[in-house]
Amino acid sequence: MKKKTSKKKRILLTVLCIVTILLVAGDWALAIFIYGENFNKRFESYEPLMLYIDDFDGLERTQYKFSSDKGQELTGYMYSSGENQHGIIVLAHGLGGGGHNSYMDCVNYFAHHGYYVFAYDATGNDESGGEGLGGLPQGVIDLGHAISFVEESGNFPNLPIALFGHSWGGYSVCSVLTYHPEVKAVIECSGFNASSDMFETEGKKQAGNGIYLIMPFVKLHERIKYGSYASNTAMDGFSASDAHVMIVHSTDDDVVPVRDGYDIYYEKYKDNPRFQFIRLEDKGHNYVYDDMNYINKFNAEFHNWLETLDYDYNNAENKKKFEADKAAYIHKNLNRDKWCNMLDSELFGKFVLFYDEHLTPLNKTP
């Protein structure tokens, strides 16, 4: 009887082990699949809303190519306007809308207020190489290579480096300080502290609390794929650097909640003179630094146009027709002058003052 009981226990234990392995393997495979579906794809700018160099008077640019970690070629542009620039701002764009194109209004503002701006398309975006983005830590890696290119290529003047980033770019400009502590000043808008935070927040919207079952595997997948970059956070970057930092976030941001970035930073650094905090309301995520008057007006008119369509634009069968009609509507009705000049001038004035205060040319004394 004892032998039979022992044999049954061994069989049961073996079955439990197999089931556990299958469950773990299944969760891991699911985590990798979901991660890839969200990040390992290309992102292109939406043509009807793209900005062009001719949209901005006096703005000039020169194209450059440089390599990132896996040898993929990235495309960047050095923007300028006028003379006597006293710093170089490296701009890191957000996720989902293509490369730096939608930030050209920001580029134009800084270029007309005393700065060179180096803006590039990250891996898997617009003019840069890569079959897909890969994952959120790739933004930190690409930004690090962009900074090194500006500093070491010999193509640019020897001026202090500052960073500007929004959303994914906001996370990147802070996290990268771990690897480039020489950066003098950073403005971060609507960013998050850790790459896994962003995945968790978006995943919870789609899968509810079930996302917590696969989060350990997501973190493991990022660690295998990106090494120490995966665990490096914005807070780590702040600790590794003496850079001055401005944090900008809106309380109603439903893409990157304030708890995932702003609140974390504020709790530790609210009394630190290196840091400035601007907490906004009713500015959301994508337009956090814009004057909302025109976009609200355009969106209202667009909604009215949707009501006039004689077909169900939500039906998959009408997808191509709707995309064509939507593009035609935007081309016809978008006021490009207003679209290209929506920045909140008061807020950007504060941005420039912040850079002016903390970027002193290397050949001068404060």
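Which residues in α10 meet which residues in α11? Keep that one in mind while you get your bearings, and we'll select both helices soon.

**The whole chain**

Start with everything on screen. This is a predicted model. Show it as a cartoon and you should find 13 helices and eight strands in the chain. There are 366 residues, and 50% of them count as buried. Switch on the surface if you like: the accessible surface comes to about 18200 Å², with 52% of that belonging to carbon and sulfur atoms. Now think about who touches whom. Among contacts in the chain with a separation of 6 or more, residues 24 or more positions apart account for 76%.

**Stop 1: α10 and α11**

Back to the opening question. Select residues 293-308 for α10 and residues 319-333 for α11. On the α10 side, show Y294, F298, E301, F302, W305 and L306; they meet F322, D325, K326, Y329, I330 and N333 in α11. Sort the residues of this contact by class and you get eight nonpolar, one polar and three charged.

Here's a handy bit of background: an α-helix has 3.6 residues a turn, so residues three or four places apart point the same way. Look at the numbering of the α10 residues you just picked, F298, E301, F302 and W305 among them, with that in mind.

Next, turn the view until you can look along one helix and then the other. The two axes come within 12 Å and cross at roughly 135 degrees. α10 and α11 are therefore oblique to each other. The crossing of α10 past α11 is right-handed.

**Stop 2: α2 and α13**

Now select residues 104-111, which make up α2, and residues 345-358, which make up α13. Their axes cross at roughly 55 degrees and come within 11 Å. That makes this pair, α2 and α13, oblique. Their crossing is right-handed. From α2, display C106, Y109 and F110; from α13, display S345, F348, G349, F351, V352 and Y355, and you have the residues that make the contact. They divide into seven nonpolar, two polar and no charged.

**Stop 3: α3 and α4**

Hide those and select α4, residues 168-175. How many of the residues of α4 are buried? Eight of its eight, so this helix is mostly covered. Click along it and you'll pass W168, G169, G170, Y171, S172, V173, C174 and S175, the buried residues of α4.

Add α3, residues 137-152. α3 and α4 pack at an angle of about 55 degrees, and their axes are 8 Å apart. Once more the pair is oblique: that is the label α3 and α4 therefore get. α3 passes α4 in a right-handed crossing. To see where they touch, show P137, Q138, G139, V140 and L143 in α3, which meet W168, Y171, S172, V173 and S175 in α4. By class, that gives six nonpolar, four polar and no charged residues.

**Stop 4: I147, inside α3**

Stay on α3 and click I147, which lies in this helix. Is I147 buried or exposed? Its relative accessibility is 0%, so I147 counts as buried. Leaving out residues up to four places away in sequence, I147 touches L163, V176, H180, E182 and V183. Try the distance tool on I89 too: I147 and I89 are 58 residues apart in sequence, but their C-alpha atoms are 9.7 Å apart in space.

**Stop 5: A240, by way of H180**

H180, one of the residues I147 touches, leads to the next stop. The C-alpha atoms of H180 and A240 are separated by 8.8 Å, though the two are 60 residues apart along the chain. A240 is found in α8, residues 234-240. With 38% relative accessibility, A240 counts as partly exposed. Beyond its neighbours within four places in sequence, A240 is in contact with L177, T178 and P181.

**Stop 6: two aspartates in loops**

Finish with D126, in the loop between β4 and α3. D126 has a positive phi of about 45 degrees although it is not a glycine. At 17% relative accessibility, D126 counts as buried.

Then jump to D282, found in the loop between β8 and α10. Phi of D282 is positive as well, near 60 degrees, and this residue is not a glycine. D282 counts as exposed, because its relative accessibility is 63%.

Key: Residues numbered from 1 in each chain as written. Predicted model: local features only at pLDDT ≥ 70, side-chain atom pairs only at ≥ 80, totals over all residues. Heavy atoms only, no water. Helix = DSSP H or I, 4+ residues; strand = E, 2+ residues; numbered from the N terminus. Buried < 20%, exposed > 50% of the residue type's maximum accessible area, 1.4 Å probe, protein only. Contact = heavy atoms within 4.5 Å. Axes fitted to C-alpha atoms, helices over the stretch in contact; angles between N-to-C directions. Parallel < 35°, antiparallel > 145°, perpendicular 65-115°, else oblique. Left-handed = near helix turned anticlockwise from the far one by under 90°. Nonpolar A, V, L, I, M, F, W, Y, C, P; charged D, E, K, R; others polar. Areas by Shrake-Rupley, 256 points an atom, 1.4 Å probe, with all protein chains shown as cover.
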